[in-house]
Amino acid sequence: MTSGSCLCGAVRFVVTGPLRPVIACHCTQCRKTSGHHVAATSAHRDQIAVTGEVTWFQSSDSARRGFCGTCGSNLFWDGEGENLSIFAGAIDGQTGLRIAGHIFCADKGDYYDLPEDLPRSQGYDPALTTRVVG
């Protein structure tokens, strides 16, 4: 079981199933909402329980972003499919997870470099973003 929360604790979540390895997303929307890039894992929706009120922002035709309306912590990315993405920094304690790849590299900021040793995609890559290990 994995737990997490926003900074102020008003929104908490528990994941009872396996988590996907962390994927770093460098798209413009992720960079704008986080101030850098987003590092997110994901789990099957039916294995995530959320308490507290998540504020949702419809950021595109196909996805919305969930955050705490009190402290502003970014928590979730919700697009199509069986999984809900969870911002890895919102997880309590040690995760045991590692970054497994980078997506939307064509949009990355010019002020940082990407490591050469992990898979990269210039845009969306379902092979990286939809797998769950466990």
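**Exercise 1. Cysteines**

Cysteine 6 has a relative accessibility of 4%. Is cysteine 6 buried or exposed, and how many disulfides does the structure hold?

*Solution.* Note first that this is a predicted model.

Step 1. Burial requires under 20% relative accessible area. At 4%, cysteine 6 counts as buried.

Step 2. Find its closest cysteine sulfur. That sulfur belongs to cysteine 68 and lies 3.7 Å from the sulfur of cysteine 6. A disulfide needs the two sulfur atoms within 2.5 Å. The pair is therefore too far apart for a bond.

Step 3. Repeat for cysteine 25. The nearest cysteine sulfur is that of cysteine 27, 3.6 Å away, and cysteine 25 is in no disulfide. Cysteine 25 is also buried, at 10% relative accessibility.

Step 4. Take the total for the structure: 0 disulfides.

**Exercise 2. The sheet and its edge**

What is the strand order of the open sheet, and which strands are at its edges?

*Solution.*

Step 1. The open sheet has 7 strands, ordered E6-E7-E8-E9-E4-E3-E10. The pairing is mixed.

Step 2. Look for strands that pair on one side only. These edge strands are E6 (54-58) and E10.

Step 3. Follow the twist across the sheet. From one strand to the next, it averages 30 degrees.

Step 4. Examine the E10 edge. Strand E3 (residues 22-25) runs parallel to E10, and 4 bridges join the two. Isoleucine 23 is placed opposite glycine 101 of E10. Cysteine 25 faces isoleucine 103, also in E10.

Step 5. Test whether the edge position leaves E10 (residues 99-103) open. E10 is mostly covered, with 4 of its 5 residues buried.

**Exercise 3. Salt bridges across the chain**

How many salt bridges does the whole structure contain, and which residues are joined into one network?

*Solution.*

Step 1. The search finds 4 salt bridges. Three of interest are worked through below.

Step 2. Start with aspartate 92 and arginine 12. Their closest N and O atoms are 2.8 Å apart. Aspartate 92 sits in the loop between strand E9 (83-87) and E10, while arginine 12 is in strand E2 (residues 12-15); the two are 80 residues apart. Both partners are partly exposed: aspartate 92 at 32%, arginine 12 at 34%.

Step 3. Move to arginine 45 and aspartate 78. This salt bridge has its closest N and O atoms at 2.6 Å. Arginine 45 is in the loop between strand E4 (38-44) and strand E5 (48-51), and aspartate 78 is in strand E8 (residues 74-78), so the pair ties together parts 33 residues apart in sequence. Accessibility separates the partners: arginine 45 is partly exposed at 31%, whereas aspartate 78 is buried at 11%.

Step 4. Aspartate 78 also meets arginine 64 in a salt bridge, at 2.8 Å from N to O. Arginine 64 belongs to strand E7 (residues 64-68) and aspartate 78 to strand E8, with their positions 14 residues apart in sequence. Arginine 64 is partly exposed, at 29%.

Step 5. Combine the bridges that share partners. Arg45, Arg64 and Asp78 form one network.

**Exercise 4. Nonpolar cores**

Which residues touch the most other members of the largest nonpolar core, and which elements each supply at least two of its residues?

*Solution.*

Step 1. The largest core has 18 residues; Phe13, Val15, Leu19, Phe76 and Ile86 touch the most other members.

Step 2. Assign the core to elements. E2, E8 and E9 each supply at least two of its residues.

Step 3. Look at valine 15 in detail. Leaving out residues up to four places away in sequence, valine 15 touches Met1, Thr2, Ala43, Gln47, Ile48 and Ile86.

Step 4. Check for another core. A second, separate one has 10 residues, including Cys25, Cys27, Val38 and Ala100.

**Exercise 5. A backbone exception**

Where does phenylalanine 104 lie, and what is the sign of its phi?

*Solution.*

Step 1. Phenylalanine 104 is in the loop between E10 and helix H2 (126-129).

Step 2. Most residues other than glycine have a negative phi. Phenylalanine 104 is not a glycine, yet its phi is positive, about 55 degrees.

Step 3. Add the accessibility. At 25% relative accessible area, phenylalanine 104 is partly exposed.

Methods. Residues numbered from 1 in each chain as written. Predicted model: local features only at pLDDT ≥ 70, side-chain atom pairs only at ≥ 80, totals over all residues. Heavy atoms only, no water. Buried < 20%, exposed > 50% of the residue type's maximum accessible area, 1.4 Å probe, protein only. Pairing = 2+ DSSP bridges. Salt bridge = Lys/Arg side-chain N within 4 Å of Asp/Glu carboxyl O. Axes fitted to C-alpha atoms, helices over the stretch in contact; angles between N-to-C directions. Core = buried A, V, L, I, M, F, W, Y, C linked by side-chain atoms within 4.5 Å. Contact = heavy atoms within 4.5 Å.
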